[in-house]
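Trainee: I am new to this structure and would be grateful for a close look at how its helices pack against one another. Please define each term as it arises.

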Amino acid sequence: MNVFIGVDDTDSTKGMCTTYLLTELIRELGYPVLLGYPRLVRLNPNIPWKTRGNGALSLSLPGDSSTAFKIGEVGGRDVFASFTPSQELPDTAALLESASSVVERLAVFEDENTNPAVVVSPSRPDAGFYWKAVRELVDRSEAKAELLKANGLYRTWKNGRGIVGATAAISWLAAEKTFEVITYRKKENWGTSRKVEASAVAELSAKFPSTFNNYDAVNRHSCILPSSPCPVLFGIRGTDPALLPEAMRYVGGEPIDRWLTFETNQGTDDHIVEPDRKPELFHSYLLRGTVSSTPRTLRGGHVFFSISTEFGSFTCAAFEETKEFRNVIKNLAPGDTIRAWGSLKPGPSVERFNLEKLEILSFGNRKIKISNPTCQSCGRKMKSAGRRSGYRCRTCHTKTAEPVYATAHPQIMKGLFAVAAGARRHLTRPPELMAGDNMSSPEPPS
Ligand SMILES: [Zn+2]
């Protein structure tokens with residue numbers, strides 16, 4: 001018999017990290033072997049009241065010690081997991097008490113956007129709740145109803161919004177998944193600048209090809225380091241959990257306090273749906289359509305263009321932080337057919353489809369003006385009749401609309417393009433994971 005524990009919404013933009021809280025939970029609950037990896041579950045990235053990655057955490061226990069393998073080091077001790085449950089029957093009420101005391105000790109209660117919750121359940125709530133929480137906006141009462149059906153217990157603080165993430169984190173079936181090894185800093189270094197060799201981070205993808213989103217070579221950015229002053233030193237993502245500890249040691253840097261490998265829905269595109277009706281705000285979609293306007297670059301470097309789809313026309317946006325991805329966008333032309341991954345968000349005037357990835361399927365006809373037209377009546381070169389007014393012959397006053405065009409070649413290739421690694425969403429499946437089936441479940445390390 002095993003128990004599922006979920007926790008969410010304990011951190012703030014100014015510090016702490018729910019993954020660190022989970023390591024403390026593992027330390028204090030005192031079970032030497034977890035059932036499977038602990039889980040870092042990212043939820044709908046478009047939730048308006050969330051400013052961070054919207055990640056919830058869960059673990060299951062107890063695991064069988066005879067089939068256990070090492071997944072981390074916390075508080076000076078090795079952490080183990082097994083894919084076989086132990087026969088031991090844990091006390092759900094006692095686990096709720098212990099987990100609650102960890103939350104009360106570590107959660108950032110003074111942040112108005114931090115509304116923690118802990119759930120402890122003897123069975124996994126319906127997986128449909130996870131799918132709803134990763135794609136839609138879910139109400140607290142729906143989470144409570146799912147927990148009730150699963151005979152789960154919960155405790156919440158403040159407005160208790162964390163119950164949605166905590167319940168979703170234990171509902172996830174992990175059919176598609178990746179892994180992340182996270183290292184944590186010694187307490188005396190929290191808030192200071194992180195000491196990690198950028199050159200080692202730059203080499204990670206070549207040395208460990210199953211890892212992803214490590215380094216943005218164009219912009220010289222180490223994507224494994226967080227930008228907030230939280231206890232995390234770095235996190236390395238990959239499809240093979242057995243290689244992550246080696247990758248972690250390769251990066252090195254300042255001495256670490258603890259590390260732990262998580263199973264996660266990062267890089268799965270679980271948030272994306274192919275719409276069957278008109279797309280809604282705060283949801284993520286894969287849209288198929290035809291480029292219907294010439295891309296234009298606005299002040300600040302943001303690039304916009306329109307696509308027409310079976311659900312109407314959308315304004316697609318590639319913001320400055322997407323970096324060289326905009327070079328692809330700028331070279332799109334009306335008539336190009338594309339698939340676009342992104343989220344529908346409110347904008348200052350119209351809704352915007354904020355792009356995460358784009359695939360160019362075919363090119364429309366690109367024409368460039370090569371000269372003014374020749375008059376059909378007298379054979380002289382015509383002159384412009386003014387902006388958007390066509391051309392006029394000064395001699396015989398004949399009018400015509402179009403100049404002489406030549407066919408231009410596209411300055412981009414067909415294929416799949418994603419925003420710069422540093423601007424990617426946690427859930428976005430990177431193009432390098434989309435080529436083959438890299439998402440299969442690896443065997444546990446021996
Ligand atoms: Zn003429």
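Mentor: The account below begins with the whole chain and then turns to two pairs of helices. This is a predicted model, in which local features need pLDDT of at least 70 and side-chain atom pairs count only at pLDDT 80 or more, while totals for chains, interfaces and linings use all residues. Residues are numbered from 1 along each chain as its sequence is written.

The protein chain holds eight helices and 27 strands; helices (H or I, at least four residues) and strands (E, at least two) are DSSP runs, numbered from the N terminus. Along the principal axes, its C-alpha atoms fill a box of roughly 95 × 45 × 40 Å.

Two packed helices are described by the angle between their axes and the distance between the axes. Axes are lines fitted to C-alpha atoms, for helices over the stretch in contact, and angles run from 0 to 180 degrees between N-to-C directions.

The pair H6 and H7 comes first here. Helix H6 (residues 198-207) packs with helix H7 (residues 244-251) at an angle of about 150°, and their axes are 9 Å apart. H6 is therefore roughly antiparallel to H7; angles under 35 degrees count as roughly parallel, over 145 as roughly antiparallel, 65 to 115 as roughly perpendicular and the rest as oblique. Their crossing is right-handed: a crossing is left-handed if the near helix is turned anticlockwise from the far one by less than a right angle, and right-handed if clockwise. From H6, Ala200, Val201, Leu204 and Lys207 make the contact, and from H7, Ala247, Tyr250 and Val251; two residues are in contact if their C-beta atoms, placed from the backbone, lie within 7 Å. By class, this contact of H6 with H7 has six nonpolar, no polar and one charged residues. Here Ala, Val, Leu, Ile, Met, Phe, Trp, Tyr, Cys and Pro count as nonpolar, Asp, Glu, Lys and Arg as charged, and the others, Gly among them, as polar.

The other pair is H4 and H5. Between helix H4 (residues 140-149) and helix H5 (residues 162-171) the packing angle is about 40°, with the axes 8 Å apart. H4 is therefore oblique to H5, and the crossing of H4 and H5 is left-handed. H4 contributes Arg140, Ala143, Lys144, Glu146 and Leu147 to the contact, and H5 contributes Ile163, Val164 and Thr167. By class, the contact of H4 with H5 has four nonpolar, one polar and three charged residues.
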